[in-house]
Amino acid sequence: MTDEPIVDVQKLVKVYPGGTRAVSDINFTVARGEFFGFLGPNGAGKTTTMKILATLLRKSSGRAIVAGYDVDRDPMSIRRSIGFAMQEVGLDDLAPGLDFLVLQGVLYGLSRREARSRAAELLELVGLTSVAGRKVGTYSGGMRRRVDLVAALMHNPPLLFLDEPTTGLDPQSRLALWEYLELLNGRGVTIFLTTQMMEEADRLCQRIAIIDEGQIVAEGSPRSLKEEVGGDVIRTTFGSDGREEEGAYSERAEPLVKERDYVTAVSSAGNSLTITVRDGSAAVPDLLRLLNENSIPVANLSMASPTLDDVFLKYTGRTIRAEEATGDETEQAMRPWLGLKRR
Amino acid sequence: MSILRETYYLYIRNLKVWIAQPMAVISPILTAALMFLVMGAPLRGVTQLPGFPSDDYNAYLTGMIIVMTIVFGGGDVAMAALTDILSGYFDKLLLAPINRFSILMGILLVAGTRALSQVVVIVLIATLLGVTFQGGLLGIAVVIVAATAFGIASACLGLIIALKTKSPQVTMSTWLLFMPLAFLTTAFMPKELLSGWFKVAVTINPVEYVLVGLRTIIIQGWQWETILPGLWALLAMMAVMGALTTWLFRRETA
């Protein structure tokens, strides 16, 4: 049983009334205990997919099994097995944090006493014990995210859905949230998150799927995806002490560097070399030693790893940041009522 | 978890939301008191008109003030629900392994509670102003129960608009719809003193029958020929509104 994926999606399609094809025939699985991520720009279909899996939205066609249950046939069992922290944090602003969590627990079948002790424990975990009695409406953005996250954990679900959990957070709160998520995953909770942040997917996820325009364009571990793009890029600039002509050091260094087996490409330009290597962190010390032994003075050396940005660029031909933000589905749905056209 | 337990907890939660906003509690009651003040005394003279059914204008107004307060309360209940929908809290409830019907019941029971508390206060104010309820204590009880049921029906109408439009602006403008329902009645004048299109509108307005029924109990006592049409109108409104709301709610949360 444990070998079965906790999420199994086959040929999933979602067409909104009006014809927008938000999810277009996607297949993927999430293994039990895995930290899995959907990476993609706004409007890629991340939230739609997640809402279908969480039983908030009906699919148009395809098959989706979550925690062993079919989304069409047994939504109630799925609801019991998952926690879902949505993008638009839905909190009860007029209730104190503790009361909000206790009700959440009670609705998932806990007794009031169980819910109280569980809420206290979770508030402690995310450092909100001191504000437990304050109304949620008075919380800061970071605190709201945290209380929303623990609300999804009240019933101890084996599977956690997180839709852009750190969007809008300052770097410090983001880092704190990442640490909680790692802690949870370490305790055996399967986590499936969506993000537009390369850094987030890179740091947290064991495996990611890159989704664009309703389709999965690449899938794998962040490391393997980056390796597909190529190795690290090292740039060196040599000293110009006047004893040698401009470019002389580069000319001497190039053949030496080329002989190293980890180097895949070298190009020189004036006083500098650009070296592509398979594993940058291992190559740098060796390169420095080699240049030093040959009395080639290094004035500057920098290394850049390919990022998931490069991966996204490779598969879609665009960078994620260059995407014009089009707003999420909720905003899209709201637009007609605000007297605006759908974008 | 049983549907009753879910409903109970959601009811308590919605009740807390209502009480947490003191203005939402006080302002309808204040409005009701003001209506007695600004209309009761200055218009007292109309009781002298031939054919006016009561010699106490405050007594005549009591039915209208109850109906008006409660009709407008329907919009408030709908706004509270819409706030939850737009904030995303409603989605949290839909994610929970609970019956959808208990979510709706939690909303409507609070609508009933609000109407109940308001009508009790209005009856107290009227009594302080010297109104004698001709239907006696049983009459007062019937007025309170009917007004509570009417509050639930009004909330249903508000909820239909909120669920259908999901727009705070439209929902807040629900009073545009409630206005004619409340005013195209014999709120200020008995039907015998009305004329033209107004009289026609009053005749087809179901709220009018509820109003007349309530008022009859207050100013005349147990005159069943005018009370019964009110009862039927109330039951019909509850059935139609309740069915429509439940249907729409199921569709929106499927």
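Here's a quick briefing on some sheets, helices and salt bridges in this structure. Keep in mind that this is a predicted model. In chain A, the main stop is an open sheet of six strands with mixed pairing. In chain B, we'll look at how helix α5 and helix α6 pack. There are also 19 salt bridges over all chains, and we'll pick out one of them.

**The six-stranded sheet in chain A**

- Going across this open sheet, the strands come in the order β6-β7-β8-β3-β9-β10 (chain A).
- The edges belong to β6 (82-85) and β10 (215-220) of chain A, each of which pairs on one side only.
- From one strand to the next, the twist averages 15 degrees.
- Inside the sheet, β7 (residues 159-163) and β8 (residues 190-195) of chain A run parallel, joined by five bridges. One place to spot this is A:L159, whose bridge partner in β8(A) is A:T190.
- Helix α11 (residues 308-316) of chain A packs on the sheet, where it touches β3 (35-39), β9 (207-212) and β10 of chain A. The direction of α11 makes about 45 degrees with that of β9(A).

**Strand β1 of chain A and its partners**

- Strand β1 (residues 7-15) of chain A runs antiparallel to β4 (residues 61-66) of chain A, with five bridges joining them. Look for A:V7, which stands opposite A:V66 in β4(A).
- β1(A) also runs antiparallel to β2 (residues 21-30) of chain A, this time through seven bridges. Here A:D8 has A:T29 of β2(A) as its bridge partner.
- β1(A) and β2(A) form a hairpin with five residues between the strands, and A:G18 in that hairpin takes a positive phi near 110 degrees.

**A salt bridge across the sequence**

- A:K46 and A:E164 form a salt bridge, with their closest N and O atoms 3.5 Å apart.
- A:K46 sits in helix α1 (residues 46-53) of chain A and A:E164 in the loop between β7 and α6 (171-186) of chain A, so this pair ties together parts that are 118 residues apart in sequence.

**Two packed helices in chain B**

- Helix α5 (residues 100-128) and helix α6 (residues 136-165) of chain B pack at about 135 degrees, with their axes 8 Å apart. That angle makes α5(B) oblique to α6(B).
- The crossing of α5(B) and α6(B) is right-handed.
- Among the residues making the contact are B:L104, B:A111 and B:V123 of α5(B), along with B:I140, B:G151 and B:L159 of α6(B).
- By type, the residues of this contact split into 17 nonpolar, three polar and no charged.

Methods: Residues are numbered from 1 along each chain as its sequence is written. Chains are lettered from A and ligands numbered from 1 in the order in which they are written. This is a predicted model: local features need pLDDT of at least 70, side-chain atom pairs count only at pLDDT 80 or more; totals for chains, interfaces and linings use all residues. Side-chain values use heavy atoms; hydrogens and water are left out. Axes are lines fitted to C-alpha atoms, for helices over the stretch in contact, and angles run from 0 to 180 degrees between N-to-C directions. Helices (H or I, at least four residues) and strands (E, at least two) are DSSP runs, numbered from the N terminus. Angles under 35 degrees count as roughly parallel, over 145 as roughly antiparallel, 65 to 115 as roughly perpendicular and the rest as oblique. A crossing is left-handed if the near helix is turned anticlockwise from the far one by less than a right angle, and right-handed if clockwise. Contact means heavy atoms within 4.5 Å. Ala, Val, Leu, Ile, Met, Phe, Trp, Tyr, Cys and Pro count as nonpolar, Asp, Glu, Lys and Arg as charged, and the others, Gly among them, as polar. Two strands pair if DSSP finds at least two bridges between them. A salt bridge is a side-chain nitrogen of Lys or Arg within 4 Å of a carboxyl oxygen of Asp or Glu.
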